[in-house]
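Me: I have just opened this model and would like a close look at a single part, the place where protein and DNA meet. Could you walk me through that part and then show me how it fits with the rest?

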2 protein chains.
Amino acid sequence: MDPHLLTTFVTVARHGSFSAAAAELGYTQSAVSQQIAALEADLGLPLLLRRPVEPTEAGRRLLEHAGPLLLRLRAARADVLRAAARPGHRLRLAVTPLAVNPVVAARLARARAGNPRLEVSLHTCGRDQAVAMVAEGRADLGLADGLAAPSDPLRLLDAGPMTAVGVSEEELVVALPAGHPLAGRAALALADLVDARWLQTPLCPLARLRDLVGDGFPVGLDYQGDNVHTVLNLVAAGHGLTLLPASALSGAAAAGLPLAAPRLVHRVELLHGALPPGPAADLAAVLSG
Amino acid sequence: MDPHLLTTFVTVARHGSFSAAAAELGYTQSAVSQQIAALEADLGLPLLLRRPVEPTEAGRRLLEHAGPLLLRLRAARADVLRAAARPGHRLRLAVTPLAVNPVVAARLARARAGNPRLEVSLHTCGRDQAVAMVAEGRADLGLADGLAAPSDPLRLLDAGPMTAVGVSEEELVVALPAGHPLAGRAALALADLVDARWLQTPLCPLARLRDLVGDGFPVGLDYQGDNVHTVLNLVAAGHGLTLLPASALSGAAAAGLPLAAPRLVHRVELLHGALPPGPAADLAAVLSG
DNA sequence: GATGCTTACGTATGACGTAATGATT
DNA sequence: AATCATTACGTCATACGTAAGCATC
């Protein structure tokens, strides 16, 4: 169960080919073959079917473990090195699309005003990627957002010991077309909307909604993108409903109605590993309020 | 960052001695010295101070990562092997002290009645140990209990992909001496008790309580044991209060008052890894109701 | 017959043990 | 002086590359 062999295994499984994996990893075909053979001998089980190359049942289980395992290994190394590295003025933040809300943006401005030498760059990415970037040291801080019950933490990918502190919790609103039959109400209960058509977007994943509330929420349209204006235009055109933080709807093409029950909020959390005193720690302190 | 070297590192750190670690691991002193040197060279940092042998700051960070990492590695291996192993009739359950409540015990009886060949053994241990035992395949199923908000999952140690399903949620009561000034009330709010003295026990860890409710809950007495009768006698004698599932107080020396707010429950979860069809899967199905 | 995985074999790297060296109490 | 970690060196295992073999499309 050498991580080296595990890396090779996941690469082979991803490509469905020994030779392609060998090319990516800088090995010969033969070496990859030997590594897979060694892993299979170690476990006493075949992990891959050949021709076509695809994982066996045991292989699929191992794949489920291998990804997180290798991530944590990289995270451990990065965390140790980061704790020892001398802090700089250039800070990279990994942010999810809706994490930079007015509260966060204002705090960021305050931090920059307090330290003019600070150079900040924001990199938008998905939630798991943000966690991975912080864990692996490719970002100094992370800001991740998501749906949660009030004062409940987000369920983030576990990449080992990492700090996650709540930064803001904001009201969620149901975005729906201006002419929608329910658009006149003062507030909406999610229970009344389980049978409506919903947008499936990374900004409001229906799987998470079902997880929190229960079954239902049929998919009206799947939008693989994180542009709020696009989402609102899709909502306005009747493709489906979605949930957004209230601040994301200012001057929008769609109506936004507060969510009555069950009570859910849009939560933003700040992520970071070990932070030696320095600009990164200062920024983290300002952002977490 | 070879797991091999990581294992050696944690062993050395635990013993505070290269030679003792070498003896435990079956290496020579020299080999251990070389392994630590290799790890330090790989990271470019000293991890241990010598004479006396104790971790540096970087070493402490690595230690935090190494334990869970090695656990997940063993868990991955165990999970793959378990999925392939032929199921037997002897099932080992890792259970935390309060996990076997009347509901669980009744379901276990039902399962045994339904399959007379079933041989079950229960092994009591702490929560993290229970997770580790299931993850590493030293137990077929696990039953873990803890405090949680209603229908919230327990926060268990993450040892990789593992199934955790709720089995029972039960009312919590505040155990207090029969003559206590509050003992006459119908129910109690936790907020009224943050300044009372509390028992610190594995059955009701105050850290978890503070995590869920807020600061306070000063320690009256620390009891390192899991015997409910002992706890109730300590409560009756006025050493401090504690929370227990209602069913644990039948015929007790202390009074038990229902908890009004904030609403917390005693939750039991069933843990298992990959379960091929067989007695283990059948038992899991019965236990999860 | 071409493509792609496996096997055989030679080489080189490195991991451990023995034994000598050095440091600390 | 005794204890314990480090360094030096010899040996053995193993991991990779080259090249030949073999199965599948």
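**Where the protein meets DNA strand C**

Reply: Let's start with one contact: an N or O atom in the side chain of Ser19(A) lies 2.5 Å from a phosphate oxygen of DNA strand C. Please keep in mind that this is a predicted model. Chain B takes part as well, since the side chain of Gln35(B) has an N or O atom 3.1 Å from a phosphate oxygen of DNA strand C. Arg51(B) meets another kind of atom: an N or O atom of its side chain is 3.4 Å from a sugar or linking oxygen of DNA strand C.

Now step back to the whole surface around this strand. There are 19 residues around DNA strand C, and the ones that come nearest are Ser19(A), Gln29(A), Ser33(A), Arg50(A) and Arg51(B). By type, the surface is made up of 12 polar, 4 nonpolar and 3 charged residues. Three helices each supply at least two residues of it: helix 2 (18-25) and helix 3 (29-43) of chain A, and helix 3 (29-43) of chain B. Seen from the DNA side, 54% of the strand C atoms within 4 Å of the protein belong to sugar or phosphate, and the rest belong to bases.

With both chains taking part, you may wonder how they are related. A turn of 180 degrees, with a shift of 0.0 Å along the axis, lays chain B on chain A with an RMSD of 0.1 Å. That is why the relation can be called a two-fold axis. The two copies also use the same surface, as 97% of the contact residues of chain B recur in chain A.

Finally, here is something to look for away from the DNA contacts. Over all chains, the structure holds 2 aromatic pairs. One of them is formed by Trp198(A) and Phe217(A), edge-to-face, with 5.3 Å from centre to centre and 75 degrees between the planes. This pair links distant parts of chain A, 19 residues apart: Trp198(A) sits in strand 7 (residues 198-200), while Phe217(A) is in the loop between helix 7 (206-213) and strand 8 (219-222). Both Trp198(A) and Phe217(A) are buried.

In chain B, Trp198(B) and Phe217(B) also form an edge-to-face pair, at 5.3 Å centre to centre and 75 degrees between the planes. Here Trp198(B) belongs to strand 7 of chain B and Phe217(B) to the loop between helix 7 and strand 8. Trp198(B) has a relative accessible area of 0%, so this residue is buried. Phe217(B) counts as buried because its relative accessibility is 0%.

Technical notes:
Residues numbered from 1 in each chain as written. Chains lettered and ligands numbered in written order. Predicted model: local features only at pLDDT ≥ 70, side-chain atom pairs only at ≥ 80, totals over all residues. Heavy atoms only, no water. Phe/Tyr/Trp six-rings, centres within 6.5 Å; stacked < 30°, edge-to-face > 60°. Helix = DSSP H or I, 4+ residues; strand = E, 2+ residues; numbered from the N terminus. Buried < 20%, exposed > 50% of the residue type's maximum accessible area, 1.4 Å probe, protein only. Near = heavy atom within 4 Å. Polar contact = N/O pair within 3.5 Å; in protein donor to acceptor, adjacent residues only side chain to side chain. Nonpolar A, V, L, I, M, F, W, Y, C, P; charged D, E, K, R; others polar. Least-squares fit on C-alpha atoms with pLDDT ≥ 70 in both. Contact = heavy atoms within 4.5 Å.
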